[in-house]
Amino acid sequence: MRKRFSMDSPVASTVVTGDDFGELEHTFQAFLAPDTVKLHTPAPTGSFDISQLSGLRIPGIDPGGLSVYELTLDSDVVLQGEETAEAYTVVVTLSGRSQITIDGEVIPARHVVTGPETRFQTRYDHPDILLLRMGKRLVADTMRERLGEAPTSALRFDPAIIETSGMDQWLTLLHTFGETAASGLFDRSPLAASHFEKLLLHGLLDTQPHSMSGDLAEERSHAKSTAVRRAMTYCEEHAAEPVSIGELAMAARVSVRALQLAFRTELGLTPMEYLRRVRLDHVHQDLLAIARGRAEGTVTDVALRWGFTHLGRFSGLYRSTYGKLPSETARLTA
């Protein structure tokens with residue numbers, strides 16, 4: 001079987017493998033809207049393998065995270081189904097052939113993106129495929145970080161991935177992510193995994209057209225001032241330390257009042273609110289690392305590490321931001 005990433009990988013886990021296509025259909029039902037899944041094999045011979053390279057070690061979708069899979073088929077298969085309401089999937093055909101119809105329209109591209117509740121039918125001819133699955137909440141949270149406010153509607157990607165120079169670079173990045181995940185480096189360095197995941201997600205939002213591309217273009221055209229960028233960098237680098245508004249102003253090389261005005265004007269936040277967001281994001285990533293088995297510790301350990309000493313207020317803030325209690329995030333794989 002022509003596996004590129006998971007073959008001999010020390011960490012890739014097999015989701016399903018063999019030659020029982022009924023079992024393969026059952027597996028797709030766990031990933032997609034189950035009542036919509038139909039799998040047809042014109043010649044029911046051959047074999048298949050789905051291996052997970054990164055992400056939660058359970059079938060399905062983490063609404064606040066991303067996972068990467070390799071699908072290899074030594075057969076002809078027609079798969080029909082509907083994406084769940086909580087997921088986006090980037091389908092990259094590495095070898096073999098595939099043809100996908102989305103919402104009744106044939107997509108003239110080798111690689112595609114599906115979104116929440118997208119209906120599709122795909123014809124596979126002995127392909128090797130890389131799948132990037134992203135949670136709807138993760139995408140929405142990233143857009144909120146970029147725009148400074150929550151999106152008013154769900155983001156919709158253009159389904160066809162056109163291989164421009166920018167997209168070619170992003171596809172290379174996805175290949176590198178798959179190789180690095182399969183090597184086991186991310187299990188040894190959760191921080192590297194977190195940074196790489198953010199790079200991958202932001203790169204996709206900047207290179208693949210979608211319903212909010214205009215908003216991001218406007219965001220890029222309004223460059224942040226030097227003072228705000230200095231303060232933001234200081235927040236990132238000192239998030240685990242006690243930080244005062246005076247220290248932020250010194251790092252930004254402006255007065256406290258000037259810094260507060262700049263943050264309000266450019267980000268719609270106070271400097272300390274931005275620092276709290278940075279710390280909360282670190283908490284979220286640490287709890288996901290615990291859920292994925294990459295790290296150990298308790299919610300209290302993580303909260304205190306990032307400066308949240310009042311656990312009741314911390315839990316409320318976390319829930320209002322991520323839609324669940326911190327303890328629920330840490331138990332995602334339970």
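Two strands are said to pair if DSSP finds at least two bridges between them, and strands (E, at least two residues) and helices (H or I, at least four residues) are DSSP runs, numbered from the N terminus. This is a predicted model, in which local features need pLDDT of at least 70, side-chain atom pairs count only at pLDDT 80 or more, and totals for chains, interfaces and linings use all residues. Residues are numbered from 1 along each chain as its sequence is written, and side-chain values use heavy atoms, with hydrogens and water left out.

Strand β9 (residues 119–135) has three antiparallel pairings, set out here.

| Strand | Residues | Bridges to β9 |
|---|---|---|
| β4 | 66–74 | 7 bridges |
| β5 | 76–82 | 7 bridges |
| β6 | 87–102 | 14 bridges |

Among the bridge partners, Thr-72 is matched with Asp-128 of β9, Asp-76 with Asp-125, and Ile-100 stands opposite Thr-122. Because 12 of its 17 residues are buried (under 20% relative accessible area, with exposed over 50% and partly exposed in between, using a 1.4 Å probe and protein chains only), strand β9 is largely enclosed by the rest of the structure.

His-111, in strand β8 (residues 111–114), has 5% relative accessibility and therefore counts as buried. Leaving aside neighbours within four places in sequence, His-111 is in contact (heavy atoms within 4.5 Å) with residues including Val-91, Thr-93, Pro-159 and Leu-171.

Leu-171 is also one of the buried residues of helix α3, and just after that helix Gly-184 takes a positive phi of about 95°.
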